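Welcome! Please take a moment to look over the model below, and then we can walk through it together.

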Amino acid sequence: LAVDSGFDWVTYLDDHIHASCKKKGTRPCSSSQFSCSSGGCIPTIWQCDESKDCEDNSDESNCNNVSRSGGLGDFVGSGGGCFPSHARGYKADDTSVKIKELSVGDMVLTGNGENLKASSKSPIIAFLDRNPEQWAEYYTIITKSGAQVTLTGNHLIHSLSLHHEAETLVASVFASRLEPGHKVYTYVPSNGTLQLSEVREIRKSRIQGTYAPLTLDGTIIVDDTVVSCYAALEDHDMAHLAMAPLRFIYHAMPSLLQSKNGTSDVADWYVHMLEKLGPYVRTKDEFHQTYHDRMNKM
């Protein structure tokens with residue numbers, strides 16, 4: 001990625017990053033890259049994403065002529081919330097495993113234990129997104145306890161506001177709305193309990209790979225952090241209710257939700273139907289901006 005972005009080589013030594021910049025025009029950009037007017041190449045998906053990636057901002061010029069499905073929805077396929085390729089979860093036996101290596105039917109640790117005090121176990125019933133080639137803009141939530149989870153901004157995460165110390169006042173909020181000082185639930189592998197951890201820092205980055213597992217109870221522990229399986233709508237309980245038909249299918253005919261590569265046709269069809277119904281059953285303010293961007297382009 002560093003070479004694609006305009007360096008001949010990059011190395012990390014003694015806590016410093018050393019890089020050699022290539023001369024302008026020394027190497028043409030590939031068909032999957034955009035050529036910056038100032039020199040260097042960036043991934044094509046970075047063009048016209050309302051973020052300056054070329055030194056001269058040429059990647060944000062003439063955007064009316066660039067065909068895109070709009071906003072983050074273009075990066076994450078169906079527009080749902082996802083985790084990157086390096087994200088890790090836990091199997092039921094407490095074995096750490098990459099999310100991308102999980103399959104429908106695998107039992108994983110979730111955060112749906114009583115009063116969010118302990119972890120629980122639930123099977124994965126479907127993947128709402130599973131694309132190793134897609135790029136997405138991710139938020140990395142770093143807590144003071146050391147846990148750090150990376151997820152898309154429209155993904156829901158259980159949070160406790162800094163101004164509400166009562167542990168019963170838990171809300172599911174978009175990751176993009178979290179701020180330092182807010183508290184999230186993190187997993188303690190040594191004893192299987194959950195604890196509130198204060199957010200210390202939030203970083204944004206673009207990472208390749210989009211994975212969105214759906215569990216039976218609607219939550220999952222990823223990178224030692226309790227997160228919802230849902231996105232786009234800022235209401236975990238309503239989103240979980242909306243997925244009831246997929247839970248029924250999993251119990252009745254689980255083969256319909258299984259797919260070794262990508263997502264199942266049934267899950268895809270159902271999620272797209274929910275997307276179209278959204279504006280008729282919920283208010284505009286309850287949806288993430290990326291949802292509106294996607295709907296405006298459909």
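Let us begin with a word that will come up often: a contact means heavy atoms within 4.5 Å. Among contacts in this chain between residues at least 6 apart in sequence, 56% join residues at least 24 apart. Please keep in mind that this is a predicted model. The chain has 298 residues, and 45% of them count as buried. Its secondary structure comes to four helices and 15 strands. On the outside, the chain exposes about 15,100 Å², with carbon and sulfur atoms supplying 50% of that area.

Now let us look inside. The largest nonpolar core holds 45 residues, and the members that touch the most others are Leu214, Ile220, Val222, Val227, Met243 and Leu246. Which strand gives the most to this core? Strand S8, spanning residues 120-143, does so with nine residues. To get a feel for the surroundings of one core member, try Ile220. Leaving aside residues up to four places away in sequence, Ile220 touches several others, including Phe83, Ile99, Val108, Leu109, Pro213, Val226, Val227 and Cys229. There is also a second, separate core of seven residues, with Tyr90, Leu109, Tyr187 and Leu194 among them.

Next come the cysteines. How many disulfides does the count come to? The count comes to one, and this disulfide joins Cys36 to Cys54, with an S to S distance of 1.9 Å. The torsion about their S-S bond is about -70°, so the disulfide is left-handed. Cys36 sits in the loop between strand S3 (33-35) and strand S4 (41-43), while Cys54 sits in the loop between S4 and strand S5 (88-90), so the pair ties together parts that are 18 residues apart in sequence. Are these two cysteines buried or exposed? Residues under 20% relative accessible area count as buried. Cys36 counts as buried because its relative accessibility is 6%, and Cys54 is buried too, with a relative accessible area of 2%. Two further cysteines are worth finding: Cys82 is buried at 0%, and Cys229, one of the residues touched by Ile220, is buried at 4%.

Charged residues offer another set of links. Side chains of opposite charge can pair when their charged atoms come close. The count comes to five salt bridges. In one of them, Glu234 pairs with Arg177, and the closest N and O atoms are 2.7 Å apart. This pair links distant parts of the chain, 57 residues apart: Glu234 lies in the loop between strand S15 (225-231) and helix H1 (236-242), and Arg177 in the loop between strand S11 (171-174) and strand S12 (183-188). Arg177 is partly exposed, with a relative accessible area of 45%.

Glu201 has two partners to look for. With Arg200, the closest N and O atoms of the salt bridge are 3.5 Å apart; with Arg203, they are 2.8 Å apart. Through these shared partners, Arg200, Glu201 and Arg203 are joined into one network. Glu201 is partly exposed at 26% relative accessibility, as are Arg200 at 46% and Arg203 at 46%.

Finally, let us come out to the surface. Leu277, Tyr280 and Val281 form a nonpolar patch there, with about 370 Å² of accessible area together. Tyr280 belongs to helix H3, which covers residues 265-281. Because its relative accessibility is 71%, Tyr280 counts as exposed.

Conventions:
Residues are numbered from 1 along each chain as its sequence is written. This is a predicted model: local features need pLDDT of at least 70, side-chain atom pairs count only at pLDDT 80 or more; totals for chains, interfaces and linings use all residues. Side-chain values use heavy atoms; hydrogens and water are left out. A nonpolar core is a set of buried Ala, Val, Leu, Ile, Met, Phe, Trp, Tyr and Cys residues joined through side-chain atoms within 4.5 Å. Buried means under 20% relative accessible area, exposed over 50%, partly exposed in between (1.4 Å probe, protein chains only). Helices (H or I, at least four residues) and strands (E, at least two) are DSSP runs, numbered from the N terminus. Accessible areas come from the Shrake-Rupley method with a 1.4 Å probe; for residues, only the protein chains shown count as cover. Patches are made of residues with over 30% relative accessible area and no salt bridge: like charges are joined within 9 Å, nonpolar side chains (Val, Leu, Ile, Met, Phe, Trp, Tyr) within 5 Å. A salt bridge is a side-chain nitrogen of Lys or Arg within 4 Å of a carboxyl oxygen of Asp or Glu. A disulfide is a pair of cysteine sulfur atoms within 2.5 Å.
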